[in-house]
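Dear colleague,

Please find the structure below, handed over for your records. My account of what was found in it follows directly after.

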Amino acid sequence: MSINKRNLRDFTFLFSFRIDSPDRMENLFATLRFLSLNFNSTFLLLEAGPQQQLSNAAVSALGTNFYYSYCEDHRHFFYRTYYNNQLIQQVNTPYYLLYDADIIIPGAQLERAADMMRQNKATAVYPYDGRFYETDIYLRKLFINTGNESCLEKYVDYHRLSFSKSYGGVVMLNKSGYGACGQENLGIRGWGPDDIERVRRLRILGHKIERVDGPLYHLFHQRNQFSLPQYSSDNQKEYLKVCAMHKPQLV
């Protein structure tokens, strides 16, 4: 089966997450299985929360190219930018993806994005065009049972279009290029404007951003305080501060 896999050995998939519901756990493993069946690559997983939810045995069963760590964290928010930076420090490939636990991107789109990255066309490549579809509970279950992206593509009209110009969910990054930009902004804590702040900062610094045609699919899950956007006043202030900066202030 591996002979049909797409080659992304020069990329590393990074997953930082907090398991806050059974849906989230199911979605994470559905996403990981989909990616492992379709790509030869490396996967780094970092779980943070008050109690470990994943078992080392369950992750090991996915394959020898999966590496998992757990960090005990009792904060009332999920410090995603901090944990993303922790994972980035472990990357040994020239490129990597910051990948959310519930996201499905058709394989051909990821492959096109990877080709653009290898050609040094951008520091950041988004493997979708901004269309962010929310699956319903039935199509989510169909995908989990089949692992086949075609069931999401075939019934695209049944998904809810949450955003048409999204930058969330997944981004492909050049390690050295994003490193020169300071990596993730620790001034943004919790879910919030970190995705669009990253775009704004890269553009101010003169780095190119590209997109690939095609949608993103977000697998439905129940939401609580850890999976809702946390637009605290501090996060908003940090985002607006970056927006008002010029290149010399960010270098």
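**Helix α3 and its surroundings**

The buried residues of helix α3 are R80, T81, Y83, N84, N85, L87 and I88. Please bear in mind throughout that this is a predicted model. Helix α3 spans residues 80-88, and 7 of its 9 residues are buried, so the helix is largely enclosed by the rest of the structure. Its buried residues pack against four strands, β1 (6-17), β2 (39-49), β3 (66-72) and β4 (95-99), and against two helices, α7 (175-180) and α8.

One residue of this helix, R80, also appears among the contacts of D100. Leaving aside neighbours within four places in sequence, D100 is in contact with F15, R80, G169 and W191. D100 is located in the loop between β4 and β5 (103-104). Its relative accessibility is 17%, and because residues under 20% are classed as buried, D100 counts as buried.

**The nonpolar core**

In soluble globular proteins, nonpolar side chains tend to be buried together. Here, the largest nonpolar core comprises 72 residues. Those with the most contacts inside this core are F15, L35, L45, L54, Y99 and M172. For L54, the residues touched are F17, I19, M25, L28, F29, L45, E47, V59 and Y68, with residues up to four places away in sequence not counted.

**Two helix pairs**

Two packed helices are described by the angle between their axes and the distance between the axes.

The first pair to report is α8 (residues 194-204) with α9 (residues 233-243), whose axes come within 9 Å and cross at roughly 20°. The helices α8 and α9 are therefore roughly parallel to each other. The crossing of α8 past α9 is left-handed. On the α8 side the contact is made by I196, E197, R200, R201 and I204, and on the α9 side by Y239, V242 and C243. By class, this contact of α8 with α9 has 5 nonpolar and 3 charged residues, and no polar ones.

The other pair is α1 (residues 22-38) with α5 (residues 137-146), which pack at an angle of about 45° with their axes 9 Å apart. The helices α1 and α5 are therefore oblique to each other. Here too the crossing, of α1 past α5, is left-handed. Helix α1 contributes D23, E26, N27, A30, R33 and F34 to the contact, while α5 contributes R140, K141, F143 and I144. The residues of this contact of α1 with α5 divide into 4 nonpolar, 1 polar and 5 charged.

**Two further buried positions**

Where does V171 lie, and which residues does V171 contact? V171 belongs to strand β9 (residues 170-174). At 2% relative accessibility, V171 counts as buried. Apart from neighbours within four places in sequence, V171 is in contact with Y96, L97, L98, A124, V125, Y126 and R198. Between the C-alpha atoms of V171 and Y128, the separation is 9.2 Å, and the two residues are 43 residues apart in sequence.

H221 is found in the loop between β11 (216-218) and α9. This residue, H221, is buried, with a relative accessible area of 3%. The C-alpha atom of H221 is separated by 8.4 Å from that of P22, although the two residues are 199 residues apart along the chain.

With kind regards

Note on methods. Residues numbered from 1 in each chain as written. Predicted model: local features only at pLDDT ≥ 70, side-chain atom pairs only at ≥ 80, totals over all residues. Heavy atoms only, no water. Core = buried A, V, L, I, M, F, W, Y, C linked by side-chain atoms within 4.5 Å. Buried < 20%, exposed > 50% of the residue type's maximum accessible area, 1.4 Å probe, protein only. Contact = heavy atoms within 4.5 Å. Axes fitted to C-alpha atoms, helices over the stretch in contact; angles between N-to-C directions. Parallel < 35°, antiparallel > 145°, perpendicular 65-115°, else oblique. Left-handed = near helix turned anticlockwise from the far one by under 90°. Nonpolar A, V, L, I, M, F, W, Y, C, P; charged D, E, K, R; others polar.
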